[in-house]
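Here are my notes on this model, set out point by point. Please read them with the structure open.

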Amino acid sequence: MTPVNAYAAQSATTPLTPFNFERRDVGTNDVQIEILYCGVCHSDIHQARNEWGGSIFPMVPGHEIVGRITKVGSGVKKFIVGQLAGVGCFVDSCRTCPSCLANEEQYCDNGMVATYNGRDKAGNPTYGGYSTQIVVDEKYTLHVAESLPIEGVAPLLCAGITTYSPLRHWNIGKGHKVAIVGLGGLGHMGVKFAASFGADVTVLSTSKSKEQDALNLGAHHFAVTKDAVTMKSLQGKFDFILSTISAPHEYNDYLNLLTLNGTMVVVGVPPQPSIVGAFNLIGKRRSIAGSLIGGIKETQEMLDYCAEHNIVSDVEVIKVSAINEAYERMLKADVRYRFVIDIASLK
Ligand code: NAP
Ligand code: ZN
Ligand code: ZN
């Protein structure tokens, strides 16, 4: 066992504070990773504050992990010591169900093992990337290119794949009018990917102050959703809407913006449900769908795509001691566009 420095939430109502625990020794198929950067996802807040229920405390959040391999097990074939590696939202799954066999481990019938706030196959709680080191089976570990700034790569492991996957699944590209709703960590990656795939991209935001950033990120248009006149003028305009909103809101307001046969994919996970009106769907044969991160194979494909096209997240690097303040800023939609913890500040 190796002692590890971390930051943890001890309960749903207390701030994150320093915490020490031990990681397992490297098993036959494991790699040990010295963590360099870890992104801060809004799911970290939802879970640390037990907004979705079932949280396990103490909780070490963090599932946007990039680091360097420091040790490999005797059976490891994909990695060697010294290479960069990434870990996303899960570290294991059953490996035998139809979803796992189809490289969609995130939809594992027996439940994937979440990187944190989960339990491994032995029943022990999992601890995430707000920590100095992690041990992961190589099958659930990603290759990271040396050519990109790695603090900008870390958020690709969740915000990146969560937006890349639905855009690919629904074959979004040239000729599609796409709206990305919410310009935060997920939203800004959604803009980059949708624009890179050739779509005509509109950002729908509550923050007028993000307009220029949206255009710089690759969006072609920007609209403020609080403006009823603008929202009315956008009715029936989009083929595809990707909603990344983290707080409770009305789905119907956005469904009405879809064109005939349009699809709205929900990736944001507000704790409370939203009502969907039948009339909002039937009038134009609209669909509403959801999407959860992406499998290991697709995550690697996304990372390779980013390396090839020079795509990284726009980040604000923070020390771990600033994590509670970062959470408060995210709750005010004041993040441009992903906080990333410099794990050197934990040593
Ligand atoms: P984030 O960086 O905090 O961004 C969320 C954005 O939503 C905000 O910046 C804001 O953008 C918008 N927003 C916030 N409150 C709003 C409200 N009341 N009405 C309308 N818009 C609002 O969060 P994130 O890390 O991107 O995560 C977003 C959501 O996705 C979270 O719920 C998270 O748990 C979920 N998530 C899901 C998956 C998945 O696999 N499906 C994976 C990761 C995260 P504007 O300022 O532009 O309005
Ligand atoms: Zn996440
Ligand atoms: Zn499975």
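**Notes on the model**

1. Arg285 is exposed, because its relative accessible area is 58% and the cut-off for exposed is over 50%. This is a predicted model. Arg285 sits in the loop between helix 9 (278-282) and strand 15 (287-290). Its backbone deserves a look: phi of Arg285 is near 45°, a positive value in a residue other than glycine.

2. Asn310 also has a positive phi, near 60°, and is not a glycine. The loop between helix 10 (296-309) and strand 16 (315-318) holds Asn310. Is Asn310 buried or exposed? Asn310 counts as exposed, at 61% relative accessibility.

3. Next, the cis peptide bonds. The bond from Phe57 to Pro58 is cis, with omega near -5°. Pro58 belongs to the loop between helix 1 and strand 4. The bond from Arg336 to Tyr337 is cis too, with omega near -10°. Tyr337 is placed in the loop between helix 11 (323-331) and strand 17 (338-342). Please check both bonds by eye.

4. Now the zinc ion (ligand 3). Which residues coordinate the zinc ion (ligand 3)? Cys94, Cys97, Cys100 and Cys108 do, each through SG, at 2.3 to 2.4 Å. The arrangement is tetrahedral because the 4 donor atoms subtend angles of 103 to 118° around the zinc ion (ligand 3). For this geometry to count, all angles must lie between 85 and 135 degrees. The ideal angle for four tetrahedral donors is 109.5 degrees.

5. Along the chain, the donor residues of the zinc ion (ligand 3) are spaced C-x2-C-x2-C-x7-C. Cys97 lies in the loop between strand 6 (90-92) and helix 2 (98-101), and Cys108 in the loop between helix 2 and strand 7 (113-114), so this pair ties together parts that are 11 residues apart in sequence. Cys97 is buried, with a relative accessible area of 5%. Cys108 is buried as well, at 8%. Both calls follow because buried means under 20%.

6. The zinc ion (ligand 2) has another donor set. Its protein donors are Cys41 (SG), His63 (NE2) and Cys158 (SG), 2.0 to 2.2 Å from the ion. Their spacing along the chain is C-x21-H-x94-C. Two of these donors link distant parts of the chain: Cys41 is in the loop between strand 3 (30-39) and helix 1, while His63 is in the loop between helix 1 and strand 4 (65-72), 22 residues apart. Cys41 and His63 are buried. A caution on the donor list: water is not among the atoms, so sites may look incomplete.

7. Ligand 1 is surrounded by 30 residues, and the closest are His42, Ser205, Thr206, Ser207 and Arg338. How do the residues of this shell divide by type? They are 14 nonpolar, 14 polar and 2 charged.

8. Three side chains make polar contacts to ligand 1 worth inspecting. A polar side-chain atom of Ser207 is 2.5 Å from an oxygen atom of ligand 1. For His46, a polar side-chain atom lies 2.8 Å from an oxygen atom of ligand 1. For Ser43, a side-chain N or O atom is 2.8 Å from an oxygen atom of ligand 1. Ligand 1 has 930 Å² of accessible area on its own, and the protein covers 91% of this. Helix 1 (42-48) and helix 5 (185-196) are the elements that give two or more residues to the shell. Helix 1 gives the most, with 3 residues.

9. Ser205, one of the closest residues to ligand 1, is in strand 11 (residues 200-205). Ser205 is buried, with a relative accessible area of 2%. The C-alpha atoms of Ser205 and Val181 are separated by 6.1 Å, although the two residues are 24 apart along the chain.

10. Last, Ala145. Where is Ala145 found? Ala145 is in the loop between strand 9 (142-143) and helix 3 (150-153). At 28% relative accessibility, Ala145 counts as partly exposed. Ala145 and Tyr37 are 108 residues apart in sequence, and their C-alpha atoms are 15 Å apart in space.

Methods: Residues numbered from 1 in each chain as written. Chains lettered and ligands numbered in written order. Predicted model: local features only at pLDDT ≥ 70, side-chain atom pairs only at ≥ 80, totals over all residues. Heavy atoms only, no water. Donors = N, O, S within 2.8 Å, 3.2 Å for Na, K, Ca; no water. Tetrahedral: all angles 85-135°; square planar, octahedral: opposite > 155°, others 65-115°. Helix = DSSP H or I, 4+ residues; strand = E, 2+ residues; numbered from the N terminus. Buried < 20%, exposed > 50% of the residue type's maximum accessible area, 1.4 Å probe, protein only. Near = heavy atom within 4 Å. Polar contact = N/O pair within 3.5 Å; in protein donor to acceptor, adjacent residues only side chain to side chain. Areas by Shrake-Rupley, 256 points an atom, 1.4 Å probe, with all protein chains shown as cover. Nonpolar A, V, L, I, M, F, W, Y, C, P; charged D, E, K, R; others polar.
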